[in-house]
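Subject: Handing over a structure

Hello,

Here is the structure I promised to pass on to you. Have a look at it first, and then read on for what turned up in it.

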Amino acid sequence: MQSPAHLTLETRVFAELALAGTLAVATLTTSVISTHVPADHPTLTLSPATVRAGDHVAVTLTGCPDPEAGARAEGQLVGDGTTAHTPVEPVDLKPTGPDSHTLTGEAVVTADVKPHSGTHTVYAACAAAPDDPVGFDLHT
């Protein structure tokens, strides 16, 4: 076999194109698979992650086994004999589109969240898997 230095320009270009095509197919296959296969456990993110009272927060949950069933995110119960939650009130999450495993919603940070008061956890669960909640920490 000849060393790469002895290959003609035409042979090297063909080899590079073949490799690029293989990588493109592998990348396309990976992204198609990851779009349609839910994760083992849902993943929750909130943005922004550093907040203050009154801020609007985008809530995103991925990996629900049946996204069409929806999901819910909420903070902890305040515990003062009411149904109030902190740092956010309950919010329903809906799929972003047909066949999507991403559910989104918007929450507002409650007034009782004080500046520099630390970490406040928001929890979410898929309607189809309510016994598998996940959490995400908001910071003040």
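A good place to start is the pair β8 and β9: these strands run antiparallel to one another and are held in register by seven bridges. The link between β8 and β9 is a hairpin of two residues. If you want one pair of residues to look for there, take Val 122, whose bridge partner in β9 is Phe 136.

Before going further, please keep in mind that this is a predicted model. The mean pLDDT of the chain is 81, and 72% of the residues reach 70 or more. Two stretches call for caution. Over residues 17–38 the pLDDT is below 50, and the model gives this stretch five contacts beyond near neighbours in sequence. Residues 1–7 also stay under 50, with four contacts beyond four places in sequence.

**The overall picture**

The chain has one helix and nine strands. Reading from the N terminus, the helix comes ahead of the strands, in the order α-β-β-β-β-β-β-β-β-β. Seven of the strands form an open sheet with antiparallel pairing, and their order across the sheet is β1-β2-β7-β6-β3-β8-β9. At the edges sit β1 and β9 (129–139), each of which pairs on one side only. From one strand to the next, the twist averages 25°. As general background, strands of a sheet pair through backbone hydrogen bonds, either parallel or antiparallel.

Further into the sheet you will find β3 and β6, an antiparallel pair with three bridges. Here Arg 72 stands opposite Asp 92 in β6.

Some totals for the chain may help too. Of its 140 residues, 26% count as buried. The chain exposes about 8800 Å², and carbon and sulfur atoms supply 60% of that area. Among contacts between residues at least 6 apart in sequence, 53% join residues at least 24 apart.

**The disulfide**

How many disulfides does a search of the whole structure find? It finds one, and this disulfide joins Cys 64 to Cys 126, with 2.0 Å from S to S. What does the bond tie together? Cys 64 lies in the loop between β2 (56–62) and β3 (71–74), while Cys 126 belongs to strand β8 (residues 119–126), so the pair links parts that are 62 residues apart in sequence. The torsion about the S-S bond is about -85°, which means the disulfide is left-handed. Both Cys 64 and Cys 126 are buried.

**A residue with distant partners**

Thr 62 is worth a click as well. This residue is in strand β2 and counts as partly exposed, at 28% relative accessibility. Leaving aside residues up to four places away in sequence, Thr 62 touches His 41, Pro 42, Thr 43, His 101 and Thr 102. Thr 62 and Thr 102 are 40 residues apart along the chain, yet their C-alpha atoms are separated by 4.5 Å.

**Backbone details in the loops**

Where are the cis peptide bonds to look at? One joins Ser 47 and Pro 48, with omega about 0°; Pro 48 is placed in the loop between β1 (43–47) and β2. Another cis bond runs from Thr 86 to Pro 87, with omega near 10°, and Pro 87 is in the loop between β5 (85–86) and β6 (91–95).

Two residues other than glycine have a positive phi. Asp 99 has a phi of about 60° and sits in the loop between β6 and β7 (102–108). For His 116, phi is near 55°, and this residue is found in the loop between β7 and β8. Are these two buried or exposed? Asp 99 is exposed, with a relative accessible area of 63%. His 116 counts as exposed too, at 74% relative accessibility.

If you would like a short route through the model, begin at the hairpin from β8 to β9, go on to the disulfide between Cys 64 and Cys 126, and finish with the cis bonds at Pro 48 and Pro 87.

Happy looking, and best wishes!

Methods. Residues numbered from 1 in each chain as written. Predicted model: local features only at pLDDT ≥ 70, side-chain atom pairs only at ≥ 80, totals over all residues. Heavy atoms only, no water. Disulfide = S-S within 2.5 Å. Helix = DSSP H or I, 4+ residues; strand = E, 2+ residues; numbered from the N terminus. Buried < 20%, exposed > 50% of the residue type's maximum accessible area, 1.4 Å probe, protein only. Contact = heavy atoms within 4.5 Å. Areas by Shrake-Rupley, 256 points an atom, 1.4 Å probe, with all protein chains shown as cover. Pairing = 2+ DSSP bridges. Axes fitted to C-alpha atoms, helices over the stretch in contact; angles between N-to-C directions. pLDDT = per-residue confidence, 0-100.
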